[in-house]
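Here's a quick tour of two parts of this protein, a helix and a run of strands. Pull up the structure and follow along.

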Amino acid sequence: MESSDTLRNKCAACYRQFNKMEHLVEHMRSSYHSVHEPTCGICQKHCRSFESMREHLIGPLPKAECERVFKERGCDICLTILGSQNALRVHRETCQLSRGNAGLFYRMANLNIYDAIKVDNNRAKVVALACKMVGGGSDGSLDLCARVCLVDEYENIIFQTYVKPNLPVTNLRYETTGVRPEFLRDAMPMRQVSRKIQDFLCNGEAIWTIRSRGGRARILVGHGLDHDLKCLDLEYPPILIRDTAKFPPLMKTSKLSNSLKYLTKAYLGYDIQTGIQDPYDDCVATMRLYMRMRSQLHKWEDYPLATDPQNRNNFAQWRQSELERMSPEELLEISRSDYYCWCLDSKESA
């Protein structure tokens, strides 16, 4: 049985125990526990990522009671605990998604450009971007964008085209891209593609004036967007980028990125990137991941980020004595997230 001192020095979020209260305070200062962390639906333990929560539930050394309940009525895709096995069956029908067919249609129209871009199109508040690369350079290892696709939050294609790279192509990577030389010969030039996409994303705002999430500029979703934007020679404000490769709850326990192929299989329940790859499939997968993360119901906080000015002194060193007199629950109450949770997008657009 745990002593009262041990319970007092036990983190209310991750349940880690400390010998001294000062050590718990230091842990809270650096862990950034918050209501936005993935949380076990059985024991309420906070986990840094869904991957660590999966290990907690069904990993090599799971918590016995949590494992038992999860095997009975837990969804192995979103890791939600349902009230009964019947409720789980109903839930799985909507949680398990399937690959869309629209990508196949656009693969068949090899040389067609689909362009529904309108700068004043206010319906699309969130768009997903994906590219497919061919190789340049003497050994073909330099990534050159050859296909690009933009979709809206309803999975409709806004813009899709082949792209004529600025540098010579030395490796078409046909096995994965399906690109043939004739597809690029009369394709849209890179500079024109980049201008079209940037104008659409900024939606009438000058890029250097975008400072907040509440303007007309659109939220951009993708996977490994740093690389895609670099290959498109585009810049976009980080405050409006939602990258599934960098979102902490979707990362590995080692804090490295998961592949989009893995995330789609693990958290959406279907396979992508088999054989010739279509950027539409990647766009849909990242948009679905974004919408699933955005739809999480987390407790509302006026100032949710540790970097908000109102929270910067929550665990200040000069408050050490006061913090050590607080209970673990009180410490968790003032702790805030060190990342922007995508559920906040739904609150801002409400």
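## What helix H3 packs against

In this predicted model, the buried residues of helix H3 pack against three other helices: H4 (64-73), H11 (260-267) and H12 (279-294). H3 itself spans residues 50-58, and 7 of those 9 residues are buried, so "mostly covered" is a fair label given that buried means under 20% relative accessible area.

If you want to click through them, the buried set in H3 is Phe50, Glu51, Ser52, Met53, Arg54, His56 and Leu57. As a reminder, an α-helix has 3.6 residues a turn, so residues three or four places apart point the same way.

## Strand S3 and its partners

Now over to strand S3, residues 142-152. S3 is mostly covered too, with 9 of its 11 residues buried. Strand S2 (residues 126-136) pairs with S3 in the antiparallel sense, over 10 bridges. For a spot to zoom in on, look at Leu129, which sits opposite Leu150 in S3.

S3 also pairs with strand S4 (residues 157-164), again antiparallel, this time over 5 bridges. Here Val148 has Thr161 in S4 as its bridge partner.

## The two turns

The hairpin of S2 and S3 has 5 residues between the strands, and Gly137 there takes a positive phi near 80°.

S3 and S4 make a hairpin as well, with 4 residues between them. In that turn, Glu155 has a positive phi of about 70°.

Terms used
Residues numbered from 1 in each chain as written. Predicted model: local features only at pLDDT ≥ 70, side-chain atom pairs only at ≥ 80, totals over all residues. Heavy atoms only, no water. Buried < 20%, exposed > 50% of the residue type's maximum accessible area, 1.4 Å probe, protein only. Pairing = 2+ DSSP bridges. Contact = heavy atoms within 4.5 Å.
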